[in-house]
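Hello,

Here is the structure I promised to pass on to you. Have a look at it first, and then read on for what turned up in it.

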Amino acid sequence: MADRSQCESAFRTIAARLDRLAAEGRPPRAPDRTILCRIPDLETAFSGELRDGCLRDVGEGHRDDAQITLTVNSDDLVAVTEGRLSVLSAWTSGRLKVDASVRDLLRVRSLL
């Protein structure tokens, strides 16, 4: 099982990828939303604000105002961000759950 620091690093890796795309002039076209990544096996969560295609204000803690909630265990979060597990495989197998409107789901699928 991955630990909290590994999961925080994985979540920050997503933020760094988005920053690189924005710096290259290719930010993803995604709506401004609050994102929560729940990690049940560690009984924690990480959240951030998706603004202008970048993930900002990343930190540990639950957010009741999240518009998009990802639920994934610690090992799978790390595997997805390292490219050892595809988002599609994780989602179709139930290892990654996404609670979002259909429109948001379609827009943010490319962020991971």
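**What was found**

Arg-95 counts as partly exposed, because its relative accessibility is 41% (buried is under 20% relative accessible area, exposed is over 50% and partly exposed lies in between, with a 1.4 Å probe and protein chains only). Its place is the loop between α3 (87-92) and β5 (96-99) (helices are DSSP runs of H or I with at least four residues, strands are runs of E with at least two, and both are numbered from the N terminus). Arg-95 and Asp-76 are 19 residues apart along the chain, and their C-alpha atoms are separated by 7.3 Å. Beyond its neighbours within four places in sequence, Arg-95 is in contact with Thr-71, Val-72, Asn-73, Asp-76, Leu-85 and Ala-90 (contact means heavy atoms within 4.5 Å).

Before going further, a word on the model. It is a predicted one, in which local features need pLDDT of at least 70 and side-chain atom pairs count only at pLDDT 80 or more, while totals for chains, interfaces and linings use all residues. Residues are numbered from 1 along each chain as its sequence is written, and side-chain values use heavy atoms, with hydrogens and water left out. The chain averages a pLDDT of 90, and 95% of the residues score at least 70 (pLDDT is the predictor's confidence in each residue, from 0 to 100). Among the elements of the chain, the highest mean, 96, belongs to helix α2 (residues 74-82), and the lowest, 76, to helix α4 (residues 102-108).

Asp-76 brings us to α2, a helix that is mostly covered, with 7 of its 9 residues buried. Asp-76 is one of these, and Leu-77 and Val-78 are also among them. The buried residues of α2 pack against α1, β1, β4 (68-72) and α3.

How do α1 and α2 lie relative to each other? The axes of helix α1 (residues 4-23) and α2 come within 9 Å and cross at roughly 30° (axes are lines fitted to C-alpha atoms, for helices over the stretch in contact, and angles run from 0 to 180 degrees between N-to-C directions). The two helices are therefore roughly parallel to each other (the term covers angles under 35 degrees). Where they meet, Gln-6, Cys-7, Ala-10, Thr-13, Ile-14 and Arg-17 in α1 face Ser-74, Leu-77, Val-78, Thr-81 and Glu-82 in α2.

Strand β1 (residues 33-39) holds Thr-34, which is buried with a relative accessible area of 6%. Leaving out residues up to four places away in sequence, Thr-34 touches Gly-48, Glu-49, Arg-63, Asp-65, Ala-66, Gln-67 and Ile-68. Ile-35 is found in β1 too and is buried, at 8%. The contacts of Ile-35 outside its neighbours within four places include Phe-11, Phe-46, Leu-55 and Leu-70. From Ile-35 to Ala-100 there are 65 residues in sequence and 9.6 Å in space, C-alpha to C-alpha.

Lastly, two residues to look up by their backbone. Glu-43 is not a glycine, yet its phi is positive, near 55°. It lies in the loop between β1 and β2 (44-51) and counts as exposed, at 71% relative accessibility. Asp-57, another residue that is not a glycine, has a positive phi of about 55°. Asp-57 is found in strand β3 (residues 54-60) and is exposed, with a relative accessible area of 55%.

Best wishes

Technical notes: Angles under 35 degrees count as roughly parallel, over 145 as roughly antiparallel, 65 to 115 as roughly perpendicular and the rest as oblique.
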